Amino acid sequence: VALIVLDTNGCVERWNMTAERVFGWTEQEVVGRPIPMLSQGLIDSEKEQSLQAAFRGEQSLSNFELAVLCKDRNQRDVAVWTENLKGSGEATRGVLVAIIDNTEHKQLE
């Protein structure tokens, strides 16, 4: 599972080794920036709005399926889950994003 922590502006704070292996970008390349594979033009406007709301902590996503482009420009089918990270006083301090690569499963279907 690729695990990514976003700040309240939707920029990457943490990027685990699985995210690096699956999507190709290193943590150093993405920290302080929006999630790169979600800004590659494959996502329709409705899904983009849902993702942005989740990344701001306004809603949670569960098994949200979409196609993304990796650093090497290969397309991957993924499922996304989000959960708000609470700070003191229950204010949202960021968002945890979990992404599972479903590409092989989709190809078998």
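This report describes the sheet, the helix packed on it, the nonpolar core and selected residues of a predicted model.

## Sheet architecture

The model, which is predicted, contains an open sheet of 5 strands in the order 2-1-5-4-3, with antiparallel pairing. Its edges are formed by strand 2 (12-15) and strand 3, each of which pairs on one side only. From one strand to the next, the twist averages 30 degrees. In general terms, the strands of a sheet pair through backbone hydrogen bonds, in either a parallel or an antiparallel arrangement.

Although strand 3 is an edge strand, 5 of its 6 residues are buried, so the rest of the structure largely encloses it.

## The two hairpins

Strand 3 (residues 64-69) is joined to strand 4 (residues 75-86) by antiparallel pairing over 6 bridges. Within this pair, Leu69 lies opposite Gln75, and Val68 lies opposite Arg76. The two strands form a hairpin with 5 residues between them, and Arg73 in the turn adopts a positive phi of about 75 degrees.

On its other side, strand 4 pairs with strand 5 (residues 92-101), again in the antiparallel sense, over 9 bridges. Lys86 has Thr92 of strand 5 as its bridge partner, and Val80 faces Ile99 in strand 5. This hairpin also has 5 residues between its strands, and Gly89 takes a positive phi near 75 degrees.

## Helix 3 against the sheet

Helix 3 (residues 45-55) packs on the sheet, where it touches strand 1 (2-6), strand 3, strand 4 and strand 5. The direction of helix 3 makes about 100 degrees with that of strand 3. The buried residues of the helix are Leu51, Ala53, Ala54 and Phe55. Their cover includes strand 1, strand 3, strand 4 and strand 5.

Both ends of helix 3 have local features that can be described. At the N-terminal end, Asp44 acts as a cap, with a side-chain oxygen 3.2 Å from the backbone nitrogen of Glu46. After the helix comes Gly57, which has a positive phi near 85 degrees.

## The nonpolar core

The largest nonpolar core has 27 residues, of which Ile4, Trp15, Phe23, Ile35 and Met37 touch the most other members. Two or more residues are contributed to this core by each of strand 1, strand 2, helix 1 (17-23), helix 3, strand 3, strand 4 and strand 5. As a general tendency, nonpolar side chains in soluble globular proteins are buried together.

Beyond residues up to four places away in sequence, the contacts of Ile4 are Val12, Arg14, Trp15, Ala19, Ile35, Met37, Val95, Leu96, Val97 and Ile99. Among these contacts, Trp15, Ile35 and Met37 are also listed with Ile4 as core residues that touch the most other members. Ile99, another contact of Ile4, is the residue of strand 5 that stands opposite Val80.

## Individual residues outside the strands

Asn102 lies in the loop between strand 5 and helix 4 (103-108). Because its relative accessibility is 15%, below the 20% limit, Asn102 counts as buried. When neighbours within four places in sequence are set aside, Asn102 is in contact with Glu65, Asp77, Val78 and Ala79.

Gln28 belongs to helix 2 (residues 27-30). Its relative accessibility of 66% exceeds the 50% limit, so Gln28 counts as exposed. The C-alpha atom of Gln28 is 8.8 Å from that of Trp15, and the two residues are 13 places apart along the chain. His105, in helix 4, has a relative accessibility of 48% and therefore counts as partly exposed. His105 is separated from Leu38 by 67 residues in sequence and by 20 Å in space, C-alpha to C-alpha.

Conventions. Residues numbered from 1 in each chain as written. Predicted model: local features only at pLDDT ≥ 70, side-chain atom pairs only at ≥ 80, totals over all residues. Heavy atoms only, no water. Pairing = 2+ DSSP bridges. Helix = DSSP H or I, 4+ residues; strand = E, 2+ residues; numbered from the N terminus. Axes fitted to C-alpha atoms, helices over the stretch in contact; angles between N-to-C directions. Contact = heavy atoms within 4.5 Å. Buried < 20%, exposed > 50% of the residue type's maximum accessible area, 1.4 Å probe, protein only. Polar contact = N/O pair within 3.5 Å; in protein donor to acceptor, adjacent residues only side chain to side chain. Core = buried A, V, L, I, M, F, W, Y, C linked by side-chain atoms within 4.5 Å.
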